[in-house]
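Colleague: I am new to this structure. Could you show me how to read its features one by one?

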Amino acid sequence: MSSQIYILPFDPSADSSAAAAAAALPGADPAQLWRTTPTGTTPPKVGTTRVFYNTPADAASATAVVSLGEGFDKKKGDARREFVRKAVASGVNQVKELGDGEKTITIDASADAHAAAVAAHLARYKFTLKTSPPSAFKPGEEKNVPEKITFAPLQSSKEWDTGVVYAEAQNLVRTLMELPANMLTPTTFAERVKAEFADIPNTQVTIHDEDWAAEKGMRTFLSVTKGSAEPAKLVEIHYNGAAREDRPIAFVGKGITFDSGGISLKPPLGMKSMRADMGGAAAVVSAALAIAKLRLPVNLVVVTPLCENLPGQSASKPGDIVYAMNGKSVEIDNTDCEGRLILSDALYYASTTYKPHTLIDVATLTYGMMIALGEVYSGVFSTSDPLWEELHAAGEAEYDRFWRMPFAEEFGSLIYSSNADLCNAGPYNGSGNTAAMFLRAFVEGIEPKDGEDEAPVRWAHIDTAGVTNPTPYQGTGFSGRPVRALIEWVKRLSQPQ
């Protein structure tokens, strides 16, 4: 039997916050319902939920009234949106397990429709490959298992619809990161990307193989895949939403579908989480999908090198020296610092081939970032102050937050002293900074030309190694960050100034 459930966010200190729901749902006035429950001396925290059964008067109905938190009426902007997310997600988590049948959950989204849609769809998500009940995450079954929970806003709006697109993009990242490496190889990742974009207007997906990469001289990329029997791929996505002559934005994402560390083998404890070392590639692919679905008026190019890093008999060895696509020699001091090797050729290819006005790469790159920023912020290294300010504002709006990291030539000296132009590993201290300095050497156009004040290309490197764990309004598993911040950044950039 199907059931109807209502989620009504409510500010207990301001009965006026219940006006929209009270008018739309006779018999389910949040203020009146809340007053029927015991209250303490401490104001209810955001997310405190009361569930009322057979309300409105229907045996198949239930209503969850959720506190928006003390002082919600005084909160503004980004902080207000985050309280809405927490409240709506708490309500969804309270009611999503009610009954065994299909459920329609209608949400009063009047406080912030975009934030409410994001929170609801993130909270509903739960990855599993258990066989009973059948899983929609089993490869090939994605469209054969119906969703048991559907959402509807009490008040329809474009903002709700946009929030759904943001959340679905993040959930796609979560799925790709959760899938085990035997189910998400470089080849199946590339095929999944092609399938996701199959019916999206103004997009084109191209899958390149190892022979193509070799012809391009992508030797640092190919050095990482030598120990694996799985062939490497490089996926390109093109979205044309603006005039053909407009310079594009470029996204580059790290796509290590399993990282054992190679010859510099990782310890076994927790190694299974390295199936998610393609989180950067998943984030930029999913952001591009959302940008295309929203039909934002920009041109976008996405480049994702995909491979495994395994200790096979042909694997790269510590001390090996390879020549990158841009001609620089690179010493592989540590084969577990493989992310920067595949990104280096991808960055050079994207910046020289498509000449973007802005290039952003995303990667689960260094333990140093986990130590520096924990699970709260993604670290950003940027050559452009305006770009940093734009990313920061977008991240705060989605609470998918960034923190700017220092970017100084002094860090470069730590990776310049080997027998090659660059060494792929520096000291443990400052490892996030030396990784960024390494990548900088492969981005063409970030230095101003003679007589010009600004560089042709704005570049940011986003290290997401510390933010893979779920946020408060998500369940267990990987977080899927920073996809919502990337979408929001492009959305804001595309709007008339």
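Modeller: Start with one term. Buried means under 20% relative accessible area. Keep in mind that this is a predicted model.

Colleague: Is C307 buried or exposed?

Modeller: C307 has a relative accessible area of 0%, so C307 counts as buried. C307 sits in strand 10, residues 299-309.

Colleague: Which residues does C307 touch, leaving out those up to four places away in sequence?

Modeller: The list is P186, F221, V224, T225, A232, G255, I256, T257, F258 and I342. Now take K226, which is 81 residues from C307 along the chain. The C-alpha atoms of C307 and K226 are separated by 9.4 Å.

Colleague: Next, sheets. How do strands pair?

Modeller: Strands of a sheet pair through backbone hydrogen bonds, and the pairing is parallel or antiparallel. Here, one open sheet has 5 strands in the order 2-3-1-4-5. Its pairing is mixed.

Colleague: Which strands stand at the edges?

Modeller: Strand 2 (49-53) and strand 5 (149-153) do. Each has a single partner strand, so one side of each lacks a neighbour in the sheet. From one strand to the next, the twist averages 20°.

Colleague: In what sense do strand 1 and strand 4 pair?

Modeller: Strand 1 (residues 3-10) and strand 4 (residues 103-107) are parallel, with 5 bridges. For one bridge, look at I5: its partner in strand 4 is I105.

Colleague: Which strands does helix 4 lie across?

Modeller: Helix 4 lies across strand 4 and strand 5. Relative to strand 5, helix 4 runs at about 175°.

Colleague: What describes two packed helices?

Modeller: The angle between their axes and the distance between the axes. Try helix 4 (residues 113-124) with helix 5 (residues 158-178). They pack at about 30°, and their axes are 7 Å apart. Angles under 35 degrees count as roughly parallel, so helix 4 is roughly parallel to helix 5. The crossing of the two is right-handed.

Colleague: Which residues of helix 4 and helix 5 meet?

Modeller: Helix 4 brings A113, H114, A116, A117, V118, H121 and L122. Helix 5 brings E159, W160, T162, G163, V164, Y166, A167, Q170, N171 and R174. By class, the contact of helix 4 with helix 5 holds 9 nonpolar, 6 polar and 2 charged residues.

Colleague: At what angle do helix 10 and helix 14 pack?

Modeller: Helix 10 (residues 339-353) and helix 14 (residues 431-440) pack at about 30°, with axes 9 Å apart. That angle makes helix 10 roughly parallel to helix 14. Their crossing is right-handed. R340, L341, L343, S344 and L347 of helix 10 meet A435, F438 and L439 of helix 14. The contact of helix 10 with helix 14 has 6 nonpolar, 1 polar and 1 charged residues.

Colleague: How do side chains point along a regular strand?

Modeller: They alternate between the two faces of the sheet. Strand 11 (residues 320-323) is a case to look at. D320 and V322 point to one face and are buried. I321 and Y323 point to the other face and are not buried.

Colleague: What do strand 11 and strand 12 form?

Modeller: A hairpin, with 5 residues between the two strands. Strand 11 and strand 12 (residues 329-332) pair in the antiparallel sense over 4 bridges. V322 is opposite V330 of strand 12. In the turn, G327 has a positive phi of about 95°.

Note on methods:
Residues numbered from 1 in each chain as written. Predicted model: local features only at pLDDT ≥ 70, side-chain atom pairs only at ≥ 80, totals over all residues. Heavy atoms only, no water. Axes fitted to C-alpha atoms, helices over the stretch in contact; angles between N-to-C directions. Parallel < 35°, antiparallel > 145°, perpendicular 65-115°, else oblique. Left-handed = near helix turned anticlockwise from the far one by under 90°. Contact = heavy atoms within 4.5 Å. Nonpolar A, V, L, I, M, F, W, Y, C, P; charged D, E, K, R; others polar. Pairing = 2+ DSSP bridges. Buried < 20%, exposed > 50% of the residue type's maximum accessible area, 1.4 Å probe, protein only.
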